[in-house]
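Biologist: I'm new to this one and would like a close look at a single part, with the surroundings filled in as you go. Could you walk me through it in plain words?

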Amino acid sequence: MNKDQKNEVIELLKGKFSQYNNFYITNTESLTVAQVNHLRRVCFDKNVEMKVAKNTLIKKALESLDSEKYAGIYEALNGVTALLFSDSPKEPALIISTFRKENAKLEKPVLKAAFVADEIYLGDNQLANLVKIKTKNELIGEVIGLLQSPAKRVIAALLEKGKNEGGVVAEAEAPAAE
């Protein structure tokens, strides 16, 4: 790879890091070509971009954007590295955990680090936490549900009370009509 090609890759990576608020750094070493292709297909179906790049080029791209912001990630840049870019903070974590479950004998891909909403998660042990992260839409749905819940209970109580009073009035009027 010559210097121009390296600069081209760095610029491409800088664009991806700028475009996405969330990215995961994984180790896909020892996966077969078929397994990597399957992982790429799953990522594509879930709107997650998967890129493989050299660690030094990834580091240079991150340093040129904001060396302090990404400083905690540099230690994870070793071995074979695949990057997963996503708008969703948890979709790559779901892909990794599902991929492992489908391939029970595999412990790969291994999560080396994740950058989610300006937070850095280091190590594979963080995967369970990342799977539990709520997306913006999930949080909004929960808040709306919580806000609607008291109103629904009040309306249900009023409707129930109206039915009961209506039934009592109808029973009271029925004997008077006889």
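Biologist: Let's start at one residue: in which helix is the place of Q19? Please carry on from there into the rest of the model.

Modeller: Happy to, and keep in mind that this is a predicted model. Q19 sits in helix α1, which covers residues 3–19. With a relative accessibility of 48%, Q19 counts as partly exposed, because exposed here means over 50% and buried means under 20%. If you look across from Q19 to F85, you are looking at a pair 66 residues apart along the chain, yet their C-alpha atoms are separated by 8.9 Å.

Now stay with the helix that holds Q19. Two packed helices are described by the angle between their axes and the distance between the axes. For α1 the partner to look at is helix α3, made of residues 55–66: the two axes come within 9 Å and cross at roughly 55°. The pair is therefore oblique, and the crossing is right-handed. On the α1 side, the residues that meet α3 are K6, V9, I10, L13, K14, F17 and S18. Facing them from α3 are L57, I58, K60, A61, L62, S64 and L65. Sorted by class, this contact has nine nonpolar residues, two polar ones and three charged ones.

There's a second helix pair to compare by eye. Helix α2 (residues 33–45) packs with helix α4 (residues 91–102) at an angle of about 140°, and their axes are 11 Å apart. That angle makes α2 oblique to α4. The crossing of α2 and α4 is right-handed. Here Q35, H38, L39, V42 and C43 of α2 meet I95, F99 and E102 of α4. The residues in this contact divide into five nonpolar, two polar and one charged.

While you're on α4, pick out E91, which belongs to that helix. Is E91 buried or exposed? Its relative accessible area is 19%, so E91 counts as buried, the limit being under 20%. Setting aside residues up to four places away in sequence, E91 touches K46, V48 and S86. You can also trace from E91 to I133: they are 42 residues apart along the chain, with 9.6 Å between their C-alpha atoms.

Next, move to strand β1, which spans residues 22–27. T26 is found in this strand, and with a relative accessible area of 1% T26 is buried. Not counting residues up to four places away in sequence, T26 touches V80, T81, A82, L84, I96, P109, V110, L111 and K112. For a longer reach along the chain, try T26 and Q126: they are 100 residues apart in sequence and 12 Å apart in space, C-alpha to C-alpha.

Past the end of β1 you come to the loop between β1 and α2, where T28 lies. T28 counts as buried, at 8% relative accessibility. Leaving aside neighbours within four places in sequence, T28 is in contact with L39, M50, V80, A82 and P109. S30 lies in the loop between β1 and α2 too, but S30 counts as exposed, at 57% relative accessibility. S30 has one more thing to check in the backbone: its phi is near 75°, a positive value in a residue other than glycine.

P109 has come up among the contacts of T26 and of T28, so let's visit P109. P109 lies in the loop between α4 and β4, the strand at 110–116. The peptide bond that joins K108 and P109 is cis, with omega about 0°.

Follow β4 onwards and you reach A117, in the loop between β4 and β5 (119–122). A117 has a phi near 50°, again a positive value in a residue other than glycine. With a relative accessible area of 54%, A117 is exposed.

Finally, zoom out to the whole chain. The protein chain is divided into domain 1 (3–133) and domain 2 (134–166). Taken over C-alpha atoms, the centres of domain 1 and domain 2 are separated by 41 Å.

Methods: Residues numbered from 1 in each chain as written. Predicted model: local features only at pLDDT ≥ 70, side-chain atom pairs only at ≥ 80, totals over all residues. Heavy atoms only, no water. Domains from an automatic or database assignment. Helix = DSSP H or I, 4+ residues; strand = E, 2+ residues; numbered from the N terminus. Buried < 20%, exposed > 50% of the residue type's maximum accessible area, 1.4 Å probe, protein only. Axes fitted to C-alpha atoms, helices over the stretch in contact; angles between N-to-C directions. Parallel < 35°, antiparallel > 145°, perpendicular 65-115°, else oblique. Left-handed = near helix turned anticlockwise from the far one by under 90°. Contact = heavy atoms within 4.5 Å. Nonpolar A, V, L, I, M, F, W, Y, C, P; charged D, E, K, R; others polar.
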